[in-house]
Amino acid sequence: MPEHEMLPALPLASLGARPAPFAPEPTNRLMYDDEVFLRSATVIGVPVVAQTAWRFPTEIPVEAVQDLVDELAKGPLNRLVVRPKVIGARSRWVPATTAEPVRLHPDRIKPDQVVGWLDSTADEVPFDPVKGPLWAYFMAYTTDGGTVVAYNASHIVCDGGMKLGAVIAAVRRQHLPRLPAPEAEREVTRKDDRRDARTMARAAVRGLREARKAGKLPELEAQSSEKRPLPAPQADDDVVHEVANASADCPVEEWNAAAEGAGGTSNALQVAISVEVLLEAGIVRPGEPVKMSLPVSMRGEGDLRSNVTSGISIAVETEVRDGVGRVTDLAHIRERSKREFSALFKGTRPDPIAHIAPLAQMIPDKLAKPLLKGVVTPLGLASNLGRPDPDFVAPFGAAADSILFRAVTLGATRGELRRMRGGVTSWWSEVGATCTFGIRALDPDAIPDSERLKEIVTTVYGRWGLVPTFW
């Protein structure tokens, strides 16, 4: 399983990529990345919800949000999963016939209650890949006259690129093709599944052959989840853990100035701050490199696949300065990221896991479950959304003053999180004069709750001359 797809720390979207026009995809079967999220929900029991939250300074009519929901219901996101009848065949997509209406919170909420309300929406509508729904909208009015709108979607049905593209098309009333393609709208038989299983078997054989040729990725000399010791069982391992999260705004001008002053970009500063959170929490040791995973969209024109995100890893150098762990040189982050992304896009970066994806997708759930017990999450993962399209910033007519992106994992216990040995996952976006940094901590012992995480973020921001304003 590629590191950017390890669970539950999953990438939300692309590094500033802009959604391309859509056209029907060549297959109505789930791709490997879709299957990863499907098995997270159905095999591991930890569904992943991708959440986007818009914060508006004015009141948005419920009707405006419902209009967008109605448009999205006509497009490719409104689909469900049908499991195969034959072992080795892939699950397939079918259109959903209904969509969840927008849900308005009955009471106004205080500005400092927004994140708590967002957390509560994550399991208000249970997402079922077979029965539906797989996405839903929520909204709440705030006591200061504003509005918060949440768009929750199962990661099975969309990554960030698909999510942004579908919303932008709905705002523009551009009708995207739905799945399955019209020529495939017929009953899928056992014979069809057997044919797909044979196709997958041939792909698996080719993939194994190519994987041997590709060789292994060079191992990074850096601290990583894989190198963290497996913790001993603890008495509270079976307790479901409310993962710590923090969402901070600050002026983008100040963020960019801090980045440029250290020889980097906004992307590099996000990576550095994420690593410094790990350092401040004691999850990693100062003076040694730290492995960071950086996702990127691979979505091209005419691409209806649900999840088309790849990624790279870099070693981020740390040091001890004034008695604390720091990342002070952003230039090396920029240079290493650029080099690895260039190799990824040119196809010169070995990726043996991609070659064996068909084989992994063919493995039945019963066999996959014990294999997934040893999965680890990235020690650090940073998804940078950049500046979204104006139609995504103002999907209901008025422009948002801040947009938060994050992934929410439901039902993970402290024991599961400990065994997966993850660190932090962060997201960054820029809207108007404000940039928003969202971060979730996946170590229940080092960062037990959101208040502790906010303390750490405040300390780290201060070292960069920044002051966070928390949602």
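**Contacts and overall form**

I began with the contacts of the protein chain and found that, among those with a separation of 6 or more, residues 24 or more positions apart account for 81%. I keep in mind that this is a predicted model, and I read every value below as computed from it. For the secondary structure I noted 14 helices and 16 strands in the protein chain. I then looked up the radius of gyration, which is 22 Å and thus close to the 23 Å that the globule rule gives for 471 residues, so the chain is as compact as a globular protein of that length. The C-alpha trace spans about 70 × 55 × 45 Å along its principal axes.

I turned next to burial and surface, where 56% of the 471 residues count as buried, while the accessible surface of the chain comes to about 19300 Å², with 53% of it belonging to carbon and sulfur atoms. For charge I wrote down 57 positive and 61 negative side chains, the centres of the two sets lying 9 Å apart.

**Helix α5 and Asp-196**

I went to helix α5, residues 190-214, which holds Asp-196. Is Asp-196 buried or exposed? I recorded Asp-196 as buried because its relative accessible area is 7%, which falls under the 20% cut-off. Setting aside residues up to four places away in sequence, I found that Asp-196 touches Arg-29, Ala-89 and Arg-90.

I checked the length of α5 as well: at 1.5 Å a residue its 25 residues should span 36 Å, and the end C-alpha atoms are 35 Å apart, which agrees. The buried residues of α5 include Asp-192, Asp-193 and Asp-196, together with Met-200 and Gly-207. Directly after α5 I came to Gly-215, whose phi is positive, near 80 degrees.

**Helix α4**

I applied the length check to helix α4, residues 160-171, whose 12 residues should span 16 Å at 1.5 Å a residue; the end C-alpha atoms are 16 Å apart, in agreement with that value. I also noted that 11 of the 12 residues of α4 are buried, so this helix is largely enclosed by the rest of the structure. Among the buried residues of α4 I listed Gly-160, Lys-163, Leu-164 and Ile-168.

**Arg-463 in α14**

I looked up Arg-463 in helix α14, residues 450-463, and entered Arg-463 as partly exposed because its relative accessible area is 26%. Which residues does Arg-463 contact, leaving aside its neighbours within four places in sequence? I found Glu-276, Glu-280, Val-324, Gly-325 and Arg-326. I then took the C-alpha to C-alpha distance between Arg-463 and Asp-196, which is 55 Å for a pair 267 residues apart in sequence.

**The loop between α3 and β5**

I placed Asp-128 in the loop between α3 (114-121) and β5 (135-141), and with 27% relative accessibility Asp-128 counts as partly exposed. Beyond its neighbours within four places in sequence, Asp-128 is in contact with Leu-80, Pro-133 and Leu-134. From Asp-128 to Thr-142 I noted 30 Å, C-alpha to C-alpha, across 14 residues of sequence.

Pro-133, one of those contacts of Asp-128, lies in the loop between α3 and β5 too. I looked up the peptide bond that joins Gly-132 and Pro-133 and found it to be cis, with omega about -5 degrees.

**Positive phi outside glycine**

I went through backbone angles with the reminder that most residues other than glycine have a negative phi, and that most peptide bonds are trans. Asp-322 has a positive phi of about 55 degrees although it is not a glycine, and I located Asp-322 in the loop between β10 (319-321) and β11 (324-326). I marked Asp-322 as exposed because its relative accessible area is 79%, which is over the 50% cut-off.

Arg-421 is another entry under this heading, with a positive phi near 55 degrees in a residue other than glycine. I placed Arg-421 in the loop between α13 (414-420) and β14 (424-431), and at 14% relative accessibility I entered Arg-421 as buried.

Technical notes: Residues are numbered from 1 along each chain as its sequence is written. Side-chain values use heavy atoms; hydrogens and water are left out. Helices (H or I, at least four residues) and strands (E, at least two) are DSSP runs, numbered from the N terminus. The radius of gyration is taken over C-alpha atoms; the globule rule is 2.2 Å times the number of residues to the power 0.38. Buried means under 20% relative accessible area, exposed over 50%, partly exposed in between (1.4 Å probe, protein chains only). Contact means heavy atoms within 4.5 Å. Accessible areas come from the Shrake-Rupley method with a 1.4 Å probe; for residues, only the protein chains shown count as cover. Lys and Arg count as positive and Asp and Glu as negative; His and the chain ends are not counted. The place of a charge is taken as NZ of Lys, CZ of Arg, CG of Asp or CD of Glu. The expected span of a helix is 1.5 Å times one less than its number of residues.
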